[in-house]
Amino acid sequence: MQLTYAAASPFARKVRVLAIETDLIQRMELVDTAVLPITHNEQVNAFNPLGKIPVLLTDLGEVLYDSRVICEYLDSLHDRPRLYPTVATERWRSLRLAALADGLMEAALLVRYERAVRPAELQWEEWVEGQLGKVRRALMTLEQQAPELQGPLNIAQIAVACALGYLDFRFADLAWRHGAPALASFQAEFAARESMKITAPM
């Protein structure tokens, strides 16, 4: 398999963490590339018409995107306990938390692009605050639902940890741990996993 990714992408990190945790990383060729919304990366565009990463080329020559699809596909390939719960109530709870984490990442990435890529004179601060509002509300909800992040490893834990890791990487000034002790405790424990250390953005 071939995974095209960017080291700074929290979505790509989610895939790599899952691949490490399931020992599938050994079967992957990792292709690190840079993708910005204003540039054309033909290497990525050839696989994904949306020009987004991560992209997985399977052993059968099939192309998969986005991170949610790739993660669920990878979870079907290993013999370890499934990271996508199969029991209905657990599955929907896990998928909901993972979706919330993905939404947090999307909003944070949009703020990052606005501040780092768009010319300063064209930046829209009200729009930035709207996206940061999504991030803050997601954090509040995750703090309230932090007990649901306990238990056997699953996709929700991976997604939330990667989302919080991205905030630490790009939004240290947000100080998200303030007022979120349960979430901070979860992140401190999860970040100590070898998969998180290996994939930490630099």
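Modeller: A strand here is a DSSP run of E that holds at least two residues. Leu56 belongs to one of these, strand β3, which covers residues 55–57. Please keep in mind that the model we are looking at is predicted.

Biologist: Thanks! Why is Leu56 called buried?

Modeller: Buried means a relative accessible area under 20%. The value for Leu56 is 0%, so Leu56 is buried.

Biologist: Which residues is Leu56 in contact with, leaving aside its neighbours within four places in sequence?

Modeller: Contact asks for heavy atoms within 4.5 Å. Met1, Gln2, Leu3, Met28, Glu62, Val63, Leu64, Ile70, Tyr73 and Leu74 pass that test with Leu56. Tyr84 is 28 residues away from Leu56 in sequence, and their C-alpha atoms are 19 Å apart in space.

Biologist: Now the helices. How do you know which way α4 runs relative to α5, parallel or antiparallel?

Modeller: Helix α4 takes in residues 88–116 and helix α5 residues 125–144; they pack at about 155 degrees, with axes 9 Å apart. Angles over 145 degrees count as roughly antiparallel, so α4 is roughly antiparallel to α5. The crossing of the two is left-handed.

Biologist: What makes the contact between α4 and α5, residue by residue?

Modeller: On the α4 side, the residues include Leu97, Leu100, Leu104 and Val111. On the α5 side, Trp127, Val128, Leu132 and Leu139 are among them. By class, this contact of α4 with α5 has 14 nonpolar, two polar and four charged residues.

Biologist: And why are α5 and α7 described by the word perpendicular?

Modeller: Helix α7 spans residues 181–190, and its axis comes within 7 Å of the α5 axis, crossing at roughly 80 degrees. The range from 65 to 115 degrees counts as roughly perpendicular, and α5 and α7 therefore earn that description. Leu139, Leu142 and Glu143 of α5 meet Pro181, Ala182 and Leu183 of α7. Five of these residues are nonpolar, none is polar and one is charged.

Biologist: What makes Asp23 and its phi worth a look?

Modeller: Its phi is positive, about 65 degrees, although Asp23 is not a glycine. Asp23 sits in the loop that links α1 (10–21) to β2 (29–32). Its relative accessible area is 40%, between the cut-offs of 20% and 50%, so Asp23 is partly exposed.

Biologist: How do you know whether Ala175 is buried, partly exposed or exposed?

Modeller: The same reasoning applies. At 46%, Ala175 stays below the 50% that exposed residues must exceed, so Ala175 is partly exposed. Ala175 lies in the loop between α6 (155–170) and α7, and has a positive phi of about 50 degrees without being a glycine.

Biologist: Which residues does a cis peptide bond join?

Modeller: One cis bond joins Ile53 and Pro54, with omega about 5 degrees; Pro54 is in the loop between α2 (42–45) and β3. Another joins Tyr65 and Asp66, again with omega about 5 degrees, and Asp66 is in the loop between β4 (63–64) and α3 (67–75).

Biologist: Last one: how do you know that the radius of gyration agrees with a compact globule?

Modeller: For 202 residues, a compact globule would come out near 17 Å, and the protein chain has 17 Å, so the two agree. Of those 202 residues, 48% are buried.

How values were computed. Residues numbered from 1 in each chain as written. Predicted model: local features only at pLDDT ≥ 70, side-chain atom pairs only at ≥ 80, totals over all residues. Heavy atoms only, no water. Axes fitted to C-alpha atoms, helices over the stretch in contact; angles between N-to-C directions. Helix = DSSP H or I, 4+ residues; strand = E, 2+ residues; numbered from the N terminus. Parallel < 35°, antiparallel > 145°, perpendicular 65-115°, else oblique. Left-handed = near helix turned anticlockwise from the far one by under 90°. Nonpolar A, V, L, I, M, F, W, Y, C, P; charged D, E, K, R; others polar. Rg over C-alpha atoms; globule rule 2.2 N^0.38 Å. Buried < 20%, exposed > 50% of the residue type's maximum accessible area, 1.4 Å probe, protein only.
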